[in-house]
Amino acid sequence: MAQPCGVLLITPESLEAFLCGKGSSVASVFAHTAFFVVDELHAFIGSERGKQLQSLLHRIERILDRTVPRIGLSATLGDMRLAAEFLRPGHAEQVAMVESRSSGDELLLQLRGYEEPLVVKAGAQDDEDENEDNEEASEPVCPAQVAAHLFKVLRGSNNLVFPNSRREVERYTHLLNQLCESIKVPGEFWPHHGNLSRELRHDTEAALKQKERPASAICTSTLELGIDIGAVKCVAQVGPPPSVASLRQRLGRSGRRKPEAAILRAYCIENALSDNASLATRLRLGTVQTTAMILLLLETWFEPPRVQGMHLSTLIQQLLSAIAQHNGATAQHLYRLLCSPKTPFAGISTAEFASLLDHLGHKELLIQDSSGALLHGPVGEKIVNHHTFYAAFMADEEFQIVAGAKTLGSLPVMLMLTVGQRIVFAGKTWQVERVDERKKIIEVTQASGGVPPLFASSGARTHTRVRQRMRELLQSQEVPAFLDETAKRFLAEARDGYRHMNLSRQIFLDQGTEMMLLTWLGDSANQAVACLLIERGFTAAPSGPGVEVRMGKRTTQEVLAALAGAAQREAPSLDLLLQNVQNLRREKWDWALPDALLRKAYASQHLDLDQALEWIRTAVR
């Protein structure tokens, strides 16, 4: 085209491929670019893909030798100033912010509670069996009840249903289509998640867009934003959503046809109370968290953007990409391009950068020619010439859970792991004995005694404000009008349990062989508290609203003394803090980072040491 004009719709991955393959054409192709518009800005902030996008836009501007105005669009930014810093690193003060003052459209919502009956397996004779089995049913009944209600209220219209895992997507899709078969009508419930092939996902999207027959998608966050599926009547959320911002984004799919109201149907399943009930059951944490998140949504609070993540995995990708673009580059050029002040990876010192390049050389990702230019090494060349290179992220990898010679199954593990930590899998409690990060294997033995931990394996990370709102809800008399009768009972039982355990004043909760340190902090701060205890010789792990500590022969006073010690000194180095923590590799090229930079990258995204130390100093005062 002699005079290119119009709007180019493009993904970061396609832009990456263009820079790698046609680097010499970038200046002419983008010469007349007037704006870069980033839709759904919040979805990029705090992710590898977002860091990649920052780098790509910066690299294009460097080639053009001019600043191209950037426009970010989003409905769920919790802190506009942080979003401005992401959009234009180092120049947030120059970003103009336009905020809608609209009061919003009508919203209809309900949270329904379902109670899983207590089932004790036949033959359970000792305390160990009772502790493990009292709260499990071999075949849960509540999912079928939830599916029956979904079938009743959704059938005949287009809707989105969000369970909290791919396995649950498959479960509810199967249950709902079984109900269609039972009354001999065509199936209208379609699965959509990242493990499905592109063709199967496309079939679901096509079913939602066509108007001849109703269709509802049972999905993960893959249908949360971005994909055009038309308007839907209702959004259903099964279990607590990943975040308040995510819930708002999902809800935005409903009520697009005026004057229809947006509809949110939330479902929470709680285990029946028993003498050996876990803390999660006694405090009805699923219901309380979902209620707190809905209340925060109604208060128009959303999680602030996570702009502090270094995403050094993506730096490796961008180094390889820039070398491909320029057919080789010097270390000095690459550092100035990517890591100097006000660039996407500012904060990496020249010494750290040199250490990274040296490590990439040992991994055969890079080589240096006689002129000093860096080129792709044998491994680097294979990676860059493969189509998977252009994506900065990878699908969540699952760890195999192995007990002795028996493989129990697999699950994605997004929280840090330590030897001695307890996890729940297949309805039983297991102790971690070894973690093989290269082979993605967690070796476990069955744990005896104690109550099930609140270990969470999903990628969702709960913010401190959500946990604080949960505690406020437990301490108040507020009964939100959107709760059904069962959910209201759950909330009343949670408040009774909170009062009975004296949790308004108590931060140490004795659970026998374990102690729960109740912080009511978010996951990043709880992980930091756990790391501080691990550094002092304890086995500790973030667990729901606090940190679980394996006591053994330790006493509460020893835990208190360890916390006091942490409060009285400067924060330890990351090498010391994370020396006994495993499973730090979370992003695509983390395997190629030297250990010191891997710890720095992990801490920047997953630890809030300042908040942890602030809480500790208050707790031991």
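## Helix packing and salt bridges in a predicted model

Pro143, Ala144, Val146, Ala147, Ala148, Leu150 and Phe151 in helix α6 meet Arg171, Tyr172, Leu175, Leu176, Leu179 and Cys180 in helix α7. Sorted by class, this contact of α6 with α7 has twelve nonpolar residues and one charged residue, with no polar residues. The model from which these contacts are taken is a predicted one.

As for the geometry of the pair, α6 spans residues 142–154 and α7 spans residues 166–182, and the two helices pack at an angle of about 55°, with their axes 9 Å apart. Because an angle between 35 and 65 degrees falls outside both the roughly parallel and the roughly perpendicular ranges, α6 is oblique to α7. The crossing in which α6 passes α7 is right-handed.

Turning to charged side chains, the structure holds 25 salt bridges, and three of them are set out below, each with the separation of the N and O atoms.

| Salt bridge | N to O separation |
|---|---|
| Arg422 and Glu514 | 3.4 Å |
| Glu472 and Arg465 | 3.3 Å |
| Arg536 and Glu535 | 3.0 Å |

The salt bridge between Arg422 and Glu514 links distant parts of the chain, since Arg422 lies in strand β13 (residues 422–425) and Glu514 in strand β17 (residues 514–518), 92 residues apart. What is the relative accessible area of Arg422, and is this residue buried or exposed? Arg422 has a relative accessible area of 1% and is therefore buried, and its partner Glu514, with a relative accessible area of 0%, is buried as well.

In the salt bridge between Glu472 and Arg465, Glu472 is partly exposed, with a relative accessible area of 36%, and Arg465, with a relative accessible area of 22%, is likewise partly exposed.

The salt bridge between Arg536 and Glu535 joins residues that fall on either side of the 20% cut-off for burial: Arg536, at 22% relative accessibility, counts as partly exposed, whereas Glu535, with a relative accessible area of 17%, is buried. Elsewhere among the salt bridges, shared partners join Glu299, Arg465, Arg469, Glu472 and Glu478 into one network, and this network includes both Glu472 and Arg465, the pair listed in the table with closest N and O atoms 3.3 Å apart.

How values were computed:
Residues numbered from 1 in each chain as written. Predicted model: local features only at pLDDT ≥ 70, side-chain atom pairs only at ≥ 80, totals over all residues. Heavy atoms only, no water. Axes fitted to C-alpha atoms, helices over the stretch in contact; angles between N-to-C directions. Helix = DSSP H or I, 4+ residues; strand = E, 2+ residues; numbered from the N terminus. Parallel < 35°, antiparallel > 145°, perpendicular 65-115°, else oblique. Left-handed = near helix turned anticlockwise from the far one by under 90°. Contact = heavy atoms within 4.5 Å. Nonpolar A, V, L, I, M, F, W, Y, C, P; charged D, E, K, R; others polar. Salt bridge = Lys/Arg side-chain N within 4 Å of Asp/Glu carboxyl O. Buried < 20%, exposed > 50% of the residue type's maximum accessible area, 1.4 Å probe, protein only.
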